[in-house]
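Hi everyone, thanks for making time this morning. Let's have the structure up on the screen, and then I'll walk you through a few things in it.

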Protein chains: 2
Amino acid sequence: MSLIIDCHGHYTTAPAQHDAWRKAQLESFKCGNEAPPYPEITDDEIREPIEQNQLKLLRERGADLTIFSPRASTMAHHLGDEAVSIAWARVSNDLIARVCRLYPETFAGVCMLPQSPRAGLASSIAELHRCVEELGFVGCNLNPDPGGGHFTSPPLTDRYWYPFYEAMVELDVPAMIHVSGSCNPGLHATGAFYIAADTIAFMQLIQGDLFGNFPKLRFIIPHGGGAVPYHWGRYRGLAHMLKQPDLAGHVMNNVYFDTCVYHQPGVNLLAEVIDSKNILFGSEMVGAVRGIDPETGSYFDDTKRYVDALDIAEERRAAIFEGNARRVYPRLDAQLKERGL
Amino acid sequence: MSLIIDCHGHYTTAPAQHDAWRKAQLESFKCGNEAPPYPEITDDEIREPIEQNQLKLLRERGADLTIFSPRASTMAHHLGDEAVSIAWARVSNDLIARVCRLYPETFAGVCMLPQSPRAGLASSIAELHRCVEELGFVGCNLNPDPGGGHFTSPPLTDRYWYPFYEAMVELDVPAMIHVSGSCNPGLHATGAFYIAADTIAFMQLIQGDLFGNFPKLRFIIPHGGGAVPYHWGRYRGLAHMLKQPDLAGHVMNNVYFDTCVYHQPGVNLLAEVIDSKNILFGSEMVGAVRGIDPETGSYFDDTKRYVDALDIAEERRAAIFEGNARRVYPRLDAQLKERGL
């Protein structure tokens, strides 16, 4: 059997009580008060928006399963402090776990982390263990700039991050490198910050030797790898100028790009320059760009159409739709095998 | 007659005395002393590296003319203070003017500006006037993040920049939006900061209505427009979500991308999704990526080969090589007409 696995879905349609609690939590923090108790949310209140949005679109577009994480833009690690992030990550991940339990055939969980700009990573390591070991999650979203748009965190190759990478390797889960909302008036979140951060992350990996130290570490760089495939010649050339090894061995045994590129020529380029073993189908649906492209009459983020239209061997297409995701997320693969898939 | 005009060349081969003076200037600033006098540089000392590098490569590759500006990475507006930037911009632009006088058929000048993170733009306006009116320059490089990699400046649509735009319109010169060196350990200059800043700038223009206020303002976004053409669907979709007009009228009457994309598939994508009227030939030579691509046996930055290989009508290719540059840089066009070209 062949599956279509979307590696990049966020819970952009969470019940209103969830977002209202976050608002109250942040207001309480500002006033120095404790946050109110988290509200009751019924299963039906979870089902309704999921069925009207993600499930409906998955069925219409013909995908089977979404690797699902809390809404990226509202992780907002730059707000509050570490304790605020710990509480927010916990309730957000618990809600993802409920979605996955309600629709076990359709959603696999990926957690957000309780990062905070001036905090260490101990609480992120603890939350990763909890989500993987207790909730059955298959990966995490790691924010390379929890400060929210001024790029003040150490590069991903810095030893600051190593304890977290050790936990990822121990648990055998990958991270999607994904920033959150922007508190920089010059950086629009989904149009500027996301794409810039993706590009910056890749260049950090070229400059360092992270995967020499962590050969089993796996990163997904979303949004088609930012600018990287379009500037693939620049990156190959810069690696050479910096006297780094070829990207194939230096970075591309450990880094994967999704297909969240919202037009056919972009996905064509991605498939032309990047080895298909490094490409994972993803749509970021329902997410950043929700409209219909007047040039095609289809949704911008219906990226399955673009992958379907690629002039590539079926074996490569199957790798993009399923095989690579099962390889990069071995815990998902194990869950699917348990289900006989 | 048809010309090949490279819109993006930096003076990366300036005589060593020039860079030594800069070093001394910054050391003097740190100690609270006056900078030493600027050194004597003979015409021969200017000629030699230019002939061994830019002129040699221009001839080999078959281009005719380069729009030439001070080395981007050493503008370094984040170092020193405004007075330091004023002195550095002045001597750097004067050196460009000398190159243009020595090789009037081959180089047209574009100035750097004496920007400084916490300063206004009065000195930049004065230097633009001096360079255009006294030195015969045809454009300028405007740094959208003179802080050097933390994106702390107001967006390009902010009124902070308006007095400078008024000067540009008055003088009828365009600006290349070009950051400089990075003082952020997470942002490699040519691999991360440049491409991120290009992308961020474009998104700022989508969000605002700058060209409604300045219909004659013209920007070149270098390095192929950062990530923009690769994510053209995302940007068209975001404009729609933000209830902005179509990009064609909202931004693309005023914004141009160069061809500094160092592999054939990238330049193919650029020409496929971006109207040829918005593409200017550029190589950034001798610049960011100097090596030979082992996949092609040619220099990464020999972008003329990529444009030559495009499967497009000759009329479109001529626009990319010459016509668009003459339209975007009318003062260059006037100089060429004076020479009977």
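How far apart should the ends of helix α6 of chain B be, at 1.5 Å a residue? One thing to keep in mind as we go: this is a predicted model. Helix α6 of chain B runs over residues 189-207, which makes 19 residues, so the expected span is 27 Å. In the model, the end C-alpha atoms of α6(B) are 26 Å apart, and that agrees with the expectation. Now look at what surrounds α6(B): 18 of its 19 residues are buried, so the rest of the structure largely encloses this helix.

Next, the two chains. Chain A superposes on chain B by a rotation of 180 degrees, with 0.0 Å of shift along the axis and an RMSD of 0.0 Å. That is the relation of a two-fold axis. Both copies use the same surface, as 98% of the contact residues of chain A recur in chain B.

On to the cysteines, for those of you thinking about disulfides. Searching the whole structure, over all chains, turns up zero of them. Take C7(A): its nearest cysteine sulfur belongs to C260(A), 6.5 Å away, whereas a disulfide needs the sulfurs within 2.5 Å. C7(A) is also buried, at 3% relative accessible area. In chain B, C7(B) is likewise in no disulfide, with the sulfur of C260(B) as the nearest, 6.5 Å away. C7(B) is buried too, at 3%.

Last stop: S276(B), in the loop between α10 (264-273) and β8 (279-280) of chain B. Is this serine buried or exposed? Its relative accessibility is 9%, so S276(B) counts as buried. Beyond its neighbours within four places in sequence, S276(B) is in contact with R316(B), I320(B) and N324(B).

Note on methods. Residues numbered from 1 in each chain as written. Chains lettered and ligands numbered in written order. Predicted model: local features only at pLDDT ≥ 70, side-chain atom pairs only at ≥ 80, totals over all residues. Heavy atoms only, no water. Helix = DSSP H or I, 4+ residues; strand = E, 2+ residues; numbered from the N terminus. Buried < 20%, exposed > 50% of the residue type's maximum accessible area, 1.4 Å probe, protein only. Contact = heavy atoms within 4.5 Å. Expected span 1.5 Å × (residues − 1). Least-squares fit on C-alpha atoms with pLDDT ≥ 70 in both.
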